[in-house]
Amino acid sequence: MCTLTRKLLIAGNWKLNNTIVQSAELVKDLLKINCETHKIDIVVAPTFTAIKVVNDLLSKSSIKVAAQNAHWEENGAFTGEVSPQMVKEVGGQWVIIGHSERRQFFGEVEETVNKKVAACIKSDLKVILCIGESLEERQSGNTFDVLDRQLLGGLVGLDDNDMASIVIAYEPIWAIGTGNTASSEQAEEVHCYIREKLIGMYNQSVADLTRILYGGSVKPNNAGELLSKPNVDGALVGGASLLASDFCKIIDAALESIN
Ligand code: PEP
């Protein structure tokens, strides 16, 4: 049931790293290594201030650009926020929503995550919706309850058509930036669970078509094993996306997994 082939997506989340100059250098390194391919989707997510430069440099490339967040309103008295339309204006085509660091440090909860997802979809942006449990939640046996809550809460009001623009990223918090990646079996178990959940929330076709990425200490040396699993449809990569050679090795691993 969980074996349909989906186009893999490798996304790099640069977080709060890289000035505009450094972002441009990283993109030039990526282009020099020439790791782009039409066989899989590749996305990079610089800081807001670097999106335009990165997008301009990638204009002839198949690599697309994401924002790491977006507010749900188009404009108004929301000091410090950036709207989906503004992301689009500088060339962003994707937005990462609900990253655990946003939930942990900036008070994002299901309701705000859901408003952001809906606003991005309305603005014709594609969304990477991040969900994942903490170590404590895993150890107390609550992983699936947490995922249910985040998945149901994040997708309120979104229909089958909207789901064509949504990718789910399973990112166990205990694996993010820690070097403790989930085993490929742990990732596959959760990805299968999420896909089954999508059947219940939507239908078989939506569940079959929705890509589910794994994120959490994905590195060149573990990407191949993780991506060999049938329900791991790509990776959301933090630290290893900051070095062009490592990011390209992960892309190579993704290509090898489909050959
Ligand atoms: C992330 O930021 O989404 C992430 C998975 O980070 P890292 O790859 O560094 O664990």
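# Exercises on a predicted model

Leaving out neighbours up to four places away in sequence, Ser 23 is in contact with Trp 14, Asn 18, Ala 50 and Val 54. Keep in mind that you're working with a predicted model. Let's warm up on that serine, then work through the rest.

## Exercise 1: Place Ser 23

Find out which element Ser 23 belongs to, and decide whether Ser 23 is buried or exposed.

**Solution.**

Step 1. Look up the element: Ser 23 sits in helix H1.

Step 2. Check the accessibility. Ser 23 has a relative accessibility of 0%, so it counts as buried. The cut-off you need here is that buried means under 20%.

Step 3. Now follow one of its contacts, Asn 18. Asn 18 is in the loop between S1 and H1. With a relative accessible area of 22%, Asn 18 is partly exposed.

Step 4. Turn the list around and start from Asn 18. Beyond four places in sequence, Asn 18 touches Ser 23, Leu 26, Thr 47 and Leu 242. For a distance through space, take Pro 46: it is 28 residues from Asn 18 in sequence, and their C-alpha atoms are 7.7 Å apart.

## Exercise 2: Track down the disulfide

Work out which cysteines form the disulfide and which parts of the chain they tie together.

**Solution.**

Step 1. Recall what you're looking for. A disulfide is a covalent bond between the sulfur atoms of two cysteines.

Step 2. Count: the structure has 1 disulfide.

Step 3. Name the partners. Cys 35 is joined to Cys 248, with an S to S distance of 2.5 Å.

Step 4. Locate both ends. Cys 35 is in the loop between helix H1 (20-33) and strand S2 (41-45), while Cys 248 is in helix H12 (residues 244-258), so the bond ties together parts that are 213 residues apart in sequence.

Step 5. Check burial. Both Cys 35 and Cys 248 are buried. Cys 120, on the other hand, is in no disulfide, and the nearest cysteine sulfur, that of Cys 130, is 12 Å away. Cys 120 counts as buried too, at 0% relative accessibility.

## Exercise 3: Compare two sets of contacts

List what Cys 35 touches, do likewise for Ile 42, and look for links between the two lists.

**Solution.**

Step 1. Start with Cys 35, which is buried at 6% relative accessibility. Skipping neighbours within four places, Cys 35 is in contact with Leu 30, Ile 42, Cys 248 and Ile 251.

Step 2. Go on to Ile 42, which lies in strand S2. Its relative accessibility is 2%, so Ile 42 counts as buried.

Step 3. Read off some contacts of Ile 42, with the closest sequence neighbours left aside. They include Leu 9, Ile 10, Cys 35, Ser 62, Ile 63, Phe 247 and Ile 251.

Step 4. Match the lists. Ile 251 is among the contacts of Cys 35 and also among those of Ile 42.

Step 5. Set two separations side by side. Cys 35 and Asn 75 are 40 residues apart along the chain, with 37 Å between their C-alpha atoms. Ile 42 and Ala 187 are 145 residues apart in sequence, with 21 Å from C-alpha to C-alpha.

## Exercise 4: Spot the positive phi angles

Say where Lys 15 and Asp 124 are found, and give their phi angles.

**Solution.**

Step 1. Take Lys 15. Its phi is positive, about 50°, although it isn't a glycine. Lys 15 is in the loop between strand S1 (9-13) and H1.

Step 2. Take Asp 124. Here phi is also positive, about 60°, and Asp 124 isn't a glycine either. Its place is the loop between helix H5 (110-122) and strand S5 (126-131).

Step 3. Add the accessibility of Asp 124: at 63% relative accessible area, this residue is exposed.

## Exercise 5: Describe the whole chain

Decide whether the radius of gyration agrees with that of a compact globule, then sketch the overall make-up of the chain.

**Solution.**

Step 1. Compare radii. A compact globule of 259 residues would have a radius of gyration near 18 Å, and the protein chain has 17 Å, which agrees.

Step 2. Add the dimensions: the C-alpha atoms fill a box of roughly 45 × 45 × 35 Å along the principal axes.

Step 3. List the elements: the chain has 12 helices and 8 strands.

Step 4. Look at burial and surface. Of the 259 residues, 52% count as buried. The chain exposes about 11,500 Å², and carbon and sulfur atoms supply 52% of that area.

Step 5. Finish with contacts. Among those with a separation of 6 or more, 72% join residues 24 or more positions apart.

Definitions and conventions: Residues numbered from 1 in each chain as written. Predicted model: local features only at pLDDT ≥ 70, side-chain atom pairs only at ≥ 80, totals over all residues. Heavy atoms only, no water. Helix = DSSP H or I, 4+ residues; strand = E, 2+ residues; numbered from the N terminus. Rg over C-alpha atoms; globule rule 2.2 N^0.38 Å. Buried < 20%, exposed > 50% of the residue type's maximum accessible area, 1.4 Å probe, protein only. Contact = heavy atoms within 4.5 Å. Areas by Shrake-Rupley, 256 points an atom, 1.4 Å probe, with all protein chains shown as cover. Disulfide = S-S within 2.5 Å.
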